[in-house]
Structures are given as structure tokens and as C-alpha cells.
Amino acid sequence: MECNRSNKMPSISKSKIAISPCAENTINPIRKLVDQLIINPNPTKRLLKLNIGDPSVFGNFNPPPEVIKAVSDNLQTSCYGYIPAHGLIPTREAIANFYTTEKSPLTFEDVYITSGCSDALRVAMDCLGSEKGNILLPKPGFPLYQTIAGNRGIPVKFYNLLSEEDWVIDLKHLEQLIDENTAAILVTNPSNPCGSAFSVKHQMEILRVAEKHNLPIIADEIYQNMVFEGDSKSFGELSTNVPILSCGGLAKRWLVPGWRVGWLIVHDRHERLSQVKDGLIRLCQVILGANALIQGAVPQILATVPQSFYKDTVTRLKKAADILYSELKNIPQIRPFMPKGAMYMMVQIKVEELHDINDDMEFVEKLIEEQSVFPLPANIFGIPNYVRLVLTAPEDILREACKRIAEFCDVHKLRNLPKRSRGCP
Ligand SMILES: Cc1ncc(COP(=O)(O)O)c(C=O)c1O
């Protein structure tokens, strides 16, 4: 056999390795915008970060002891191996029982366990959307929907939410966007970033539009039941004819976003979803399933966490919203929108009332630089000149942030001077 006895090494290429179109088109708008932001806090003031929708960051919203105990008990009995990719049957059963209502009975076969609600959204969008089948998304909306769609090459169109009407869906606009290639309508209720919660009447109006156009709904219900007043209904409970793929998880209501267990609940109507159900199983298999230890603890979590815990979380979020609203509503240059649920408040920036600030990005950059307060510019969610504040910070931080925002607005308020544009000295 002939062999190459040359000692000469092949020349090493220094050219960059190209990335795939899939990687290229996977864009997280939050990262993109935060990368553009100039974050230079005032060194004399403690940085108050009201930008992250993670309830665990301040240490004041913790999971209840029953949640910790359930995982610790499960650690003793849990197996170490792979489990079915779409979830353990007892876990699926427990979730089906937890969300069953008289009008919408569920069995374990309607439940798919995913790696967080994000993964449930990925599976749902991937199962219904395609390069030809567009999905309608809310504006303002949670940016991950775009990240998933970009990654899969699914075209999206944005329907407006109406700020002056408690962020309800502009149904006329929604209908105008529907075409013969529309595959699904995605709705978020309660909403990140708006903090809104739809009335049952509005949910029924949305269902009527979906029914008229024969479209399924992907309902992002990760904040389900986290409403400040009244009852919260899921789209699955209300739908009689529209197929619903409801996405949820442990992250927000049980305050453990890092544990990465979510679920997708299928509310099949008129047994139209047999192919979809098969597709969901296939798509769950892409990652060989979610964390077995945590999902194994879910039945105990759902059985043992007392109602008082859920109630207390919502009461405290509402109190935080009340503090922010009452402190911010009297500042003439901004306008807070009182939330009805979830963990966020949207605040409009009246740029015409500020002499040297032209948009939400500039507002946030200067607010960080001068006052070390960091809200999220709502450009990230698709609308300009709003910022989003989180409700999960402790009361003293919220009050301090409001005081600094008031001082900031007073310094920058319009004083009969010609308005300067971004970039001018
Ligand atoms: C509206 C919405 N959907 C989904 C998610 C993601 O949830 P998870 O952490 O379970 O993936 C979030 C997280 O902030 C969210 O706000």
C-alpha cells in the first residue's frame, strides 16, 4: 500500500467558517437592541434594573416550600434515564386534571411536556407554520415569537393591540391581515409586555374571527390566572369550535423560570387535530424531551401548592403596579398604563414634552447614564416611545426608581427651547 511519507503539513486556512441561513435568520430582538444600547450607569447611584422579566432576580418572589419539597422528594425516586420525549404520563395526567374544566375536559393525551413555554411555542409554531403558512403575531408582543419564526423560515405579520382600549386586539386589522396562506393566529393573554388581560367578551370576539376564517389559535398563556381582578379564562375553556394550542409552564406562576419545564395543551375541537398531535410528538423528539427530574415533580407541585400562594403572588404584583402607577401618573412627560395582570407595566414616553430626547432608546440610555434606572425600551416589542417596567422588584426599589424617573423628566422637560435631535451636541 502506498502511503504519504511527506512531513509537510497542509497549509492552515484562516478564512472564517460560514454560518447557515438558519443561524443567520435566528435573531433575538432583545439581544440585538440591548447590544445597541449604551449602558453607562451613573457610578454614584445604585443601578436599578427594571428590565428583566425574571421574578427570581430580586429574591422577593420565591417559589413556595411545596415546590422545593416536590423536587427534593422526586430526587429520591426519579430515574436517571431518558423518558418519553413528550413527557411522563403521570405529569401529563396531572396537568390535564389541573386544567380540566366542565366545558373542556382533558386527558393526558392532550398534554405535551416541553423545555419551558418557549419550547412549547417553538413546537406549536413549527407544527402549524411553514415557509408558505404565515402566523399572525401581536404588536407589541413578546419578541421570542419572531426569533422562532426567523429560525424556521415562517413568515409573520403583526396585528395591532390598541393602547387606548386596554391593549385589546384591533380585530379589523387582524382580519385584514388574514390571507389564504395564514396558518394560525398567536395571542398572548395576559400579555407581556402590556400587562393586559382580555375580558371574556373580547376572547369570544377573537374566537369568532378565528372560526370565521377556519384558523387555529396558538395561545401563549404562560401568565394564565395571574390577573389582578376577576376571573381568568383560557382560550381552550371558551372555545367550542376553534382548535387551540395553549402554551404554558412553571416559569411564572410557580416562580421558577430556570427550571425549564413547560407544556402545550391541545384543545381539539371536532377531532380535527389528529395529524397535529402526531406532529407535536415528532417535534418534541427534536430535543429528546424536557428535564425529567423537574417534570417528575410536577404532579406533587400541582397537588400541594396552596391556593393562598397563588393569591399572594397576584396581590403583591397588583400592589407593585399600584405603587408604580400612583407615583408615575403625575409626571407630565410620561404616561403609565395600569396593568390588569402578568408582571409588567407599559409607560408611554411623551417625547414631544422632552427637549433633548427623541425616542425610547435615547430615554433609556440617558436614564441609565444619569439616574442608573434601567427599564426596557419597547422598541424591542415592536412599538416606539414606550418603556416596560417589571413589577417584581421590592417596594423600596420601585419607589426609588419612580423618584429618579421624576427627577430625570424634570431635568429634560421642554422649556420653550427648540427641540434638539439625536446626535446633535
Ligand atoms: C409571553 C411569554 N411567553 C413565554 C415566555 C417564556 O417562558 P419560559 O421561560 O417558560 O420558556 C415568556 C418569558 O418571559 C413570556 O413572557
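Strand S11 (residues 344–349) is joined to S14 by five bridges in the antiparallel sense; strands, like helices, are DSSP runs numbered from the N terminus (E, at least two residues, for strands; H or I, at least four residues, for helices), and two strands pair if DSSP finds at least two bridges between them. Across this pairing, Gln348 stands opposite Tyr386 in S14. The two strands belong to an open sheet of four strands with the order S10-S11-S14-S13 and antiparallel pairing. S10 and strand S13 (376–377) each have a single partner strand and stand at the edges, so one side of each is left without a neighbour in the sheet. The model is predicted, with local features requiring pLDDT of at least 70 and side-chain atom pairs counted only at pLDDT 80 or more, whereas totals for chains, interfaces and linings use all residues. Residues are numbered from 1 along each chain as its sequence is written, and side-chain values use heavy atoms, with hydrogens and water left out.

A search of the whole structure yields twelve aromatic pairs. Rings of Phe, Tyr and Trp (its six-membered ring) pair if their centres lie within 6.5 Å, and planes under 30 degrees apart count as stacked, over 60 as edge-to-face and the rest as tilted. Phe337 and Tyr386 form a tilted pair, at 5.9 Å centre to centre and 50° between the planes. This pair links distant parts of the chain, with Phe337 in strand S10 (residues 334–337) and Tyr386 in strand S14 (residues 386–390), 49 residues apart. Phe337 is buried at a relative accessible area of 8%, and Tyr386 is buried at 8%; buried means under 20% relative accessible area, exposed over 50% and partly exposed in between (1.4 Å probe, protein chains only). Phe363 and Phe408 form an edge-to-face pair, at 5.2 Å centre to centre and 85° between the planes. Here the connection is between helix H13 (residues 360–371), which holds Phe363, and helix H14 (residues 395–412), which holds Phe408, 45 residues apart. Phe363 is buried at 1% and Phe408 at 0%.

Ring pairs also link Phe98, Tyr99, Trp254, Trp263, Phe309 and Tyr310 into a cluster. Arg253 lies over the face of Tyr310, at 4.0 Å from the ring centre, and the charged end of Arg316 sits over the ring of Phe61, 4.1 Å from its centre. The criterion for such a placement is NZ of Lys or CZ of Arg within 6 Å of the ring centre and within 35 degrees of the ring normal.

The largest nonpolar core (buried Ala, Val, Leu, Ile, Met, Phe, Trp, Tyr and Cys residues joined through side-chain atoms within 4.5 Å) has 130 residues, of which Ile217, Ile218, Trp254, Leu328 and Phe363 touch the most other members. Helix H12 (residues 307–328) supplies the largest share of this core, nine residues.

Strand S2 (residues 111–114) is covered on both faces: Val111 and Ile113 on one side, and Tyr112 and Thr114 on the other, are all buried. S2 pairs with strand S9 (residues 262–267) in the antiparallel sense over four bridges, and Val111 stands opposite Ile265 in S9.

Backbone geometry was also examined. The peptide bond from Lys139 to Pro140 is cis, with omega near 0°. Another cis peptide bond joins Asn189 and Pro190, with omega about -15°. Ser372, in the loop between H13 and strand S12 (373–374), has a positive phi near 55° and counts as buried at 0% relative accessibility.
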